[in-house]
Amino acid sequence: MDTALALVRHGQTDWNLAGRLQGRTDIELNDTGRHQARSLGRFLKGRGWDLLLASPLARAQETAALIAEQLGAETGPAVHPLIERSFGPLEGRIMAEVSDLEAAEVQHELETHRQILDRALPALLQLVQEHAGRRIMVVSHGATMRTIRDALAGSRQPQGVENGEVIDIDLKRLQEIAADLDTVRL
């Protein structure tokens, strides 16, 4: 079997529902999020996914466990580099209430897209190498996944990443981007 890799955004949390920036604040899934994870697991059943990993945050860990339960798949240790983007002082704030001026004033305290790519891309390549021949899903987070998706696409896409969304990773493109991070501009 050929190696495959996909990213999955965790299920919904109460903070997602309220439009709050979670970042690295460790918020658990709500009942809707648990339902989304179980439903996604049922949807993916029979597609050969055999290893579920996740960022260390509870919402990602629980999503991975619920999907794995539906698939009868193995789980493994947390993948720390796939944690959510750090939003610094904006974490916990409702996004719609943060003005452009306020966001600009704290921009230097937020993790950059480049910093996300510098930590996430090598980790993904390492997972592919360590688990060659397996079909791997990694449960991650909206901003981290969007940054990776946009880098692989070569441009910033207008839409975000929804709870429970799956992004298949083109392994050849992943290797190309990781080998030449200096060309990535988001």
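Two strands are taken to pair if DSSP finds at least two bridges between them, and strands (E, at least two residues) and helices (H or I, at least four) are DSSP runs numbered from the N terminus. With these terms in hand, Leu 52 has Thr 75 in strand 3 as its bridge partner. The model described here is predicted, so local features need pLDDT of at least 70 and side-chain atom pairs count only at pLDDT 80 or more, while totals for chains, interfaces and linings use all residues. Residues are numbered from 1 along each chain as its sequence is written, and side-chain values use heavy atoms, with hydrogens and water left out.

The sheet is a good place to start. It is open, is formed by 5 strands in the order 3-2-4-1-5, and has mixed pairing. Strand 3 and strand 5 (166-168) are the edge strands, each pairing on one side only. Strand 2 and strand 3 run parallel and are joined by 2 bridges. Besides the partnership of Leu 52 with Thr 75, Leu 51 stands opposite Glu 74 in strand 3. Within strand 2, Leu 51 and Leu 53 point one way, Leu 52 and Ala 54 point the other way, and all are buried; buried here means under 20% relative accessible area, exposed means over 50%, and partly exposed lies in between (1.4 Å probe, protein chains only).

Helix 3 (residues 58-71) packs against this sheet and beyond. Its buried residues pack against strand 1 (4-9), helix 2 (31-44), strand 2 (51-54), strand 3 and strand 4, where contact means heavy atoms within 4.5 Å. These buried residues are Arg 59, Ala 60, Thr 63, Ala 64, Leu 66, Ile 67, Ala 68, Gln 70 and Leu 71. The helix has 14 residues and reaches 20 Å from its first C-alpha to its last, close to the 20 Å expected at 1.5 Å a residue; the expected span is 1.5 Å times one less than the number of residues. Just after helix 3, Gly 72 takes a positive phi of about 70°.

Attention now turns to charged side chains. Side chains of opposite charge can pair when their charged atoms come close. A search of the whole structure finds 12 salt bridges, each being a side-chain nitrogen of Lys or Arg within 4 Å of a carboxyl oxygen of Asp or Glu. One of them joins Arg 134 to Glu 74, with the closest N and O atoms 2.9 Å apart. Because Arg 134 lies in the loop between helix 5 (113-130) and strand 4 (135-140) and Glu 74 in strand 3 (residues 74-75), the pair ties together parts that are 60 residues apart in sequence. Glu 74 is partly exposed, at 42% relative accessibility.

A salt bridge within helix 5 links Arg 114 and Asp 118, whose closest N and O atoms are 2.8 Å apart. The two residues are 4 residues apart in the helix, so about one helical turn separates them. Both ends are partly exposed, Arg 114 with a relative accessible area of 32% and Asp 118 at 36%.

What links Arg 146, Arg 149, Asp 150 and Arg 156? These four residues are linked in a network of salt bridges. Within this network, the closest N and O atoms of Asp 150 and Arg 156 are 3.8 Å apart. Asp 150 is buried, at 1% relative accessibility, whereas Arg 156 is partly exposed at 49%.

Arginines also lie over aromatic rings. The charged end of Arg 47 sits over the ring of Phe 43, 4.1 Å from its centre, and Arg 135 lies over the face of Trp 49, at 4.1 Å from the ring centre. The criterion is that NZ of Lys or CZ of Arg is within 6 Å of the ring centre and within 35 degrees of the ring normal.

Two further residues complete the description. Arg 119 is found in helix 5 and is buried, with a relative accessible area of 17%. Leaving aside neighbours within four places in sequence, Arg 119 is in contact with Arg 24, Pro 81, Leu 82, Ile 83, Glu 84, Arg 85, Glu 111 and Thr 144. Glu 109, in the loop between helix 4 (100-105) and helix 5, is partly exposed at 42% relative accessibility. With neighbours within four places again left aside, Glu 109 is in contact with Gly 88 and Pro 89. The C-alpha atoms of Glu 109 and Pro 89 are separated by 7.5 Å, the two residues being 20 residues apart along the chain.
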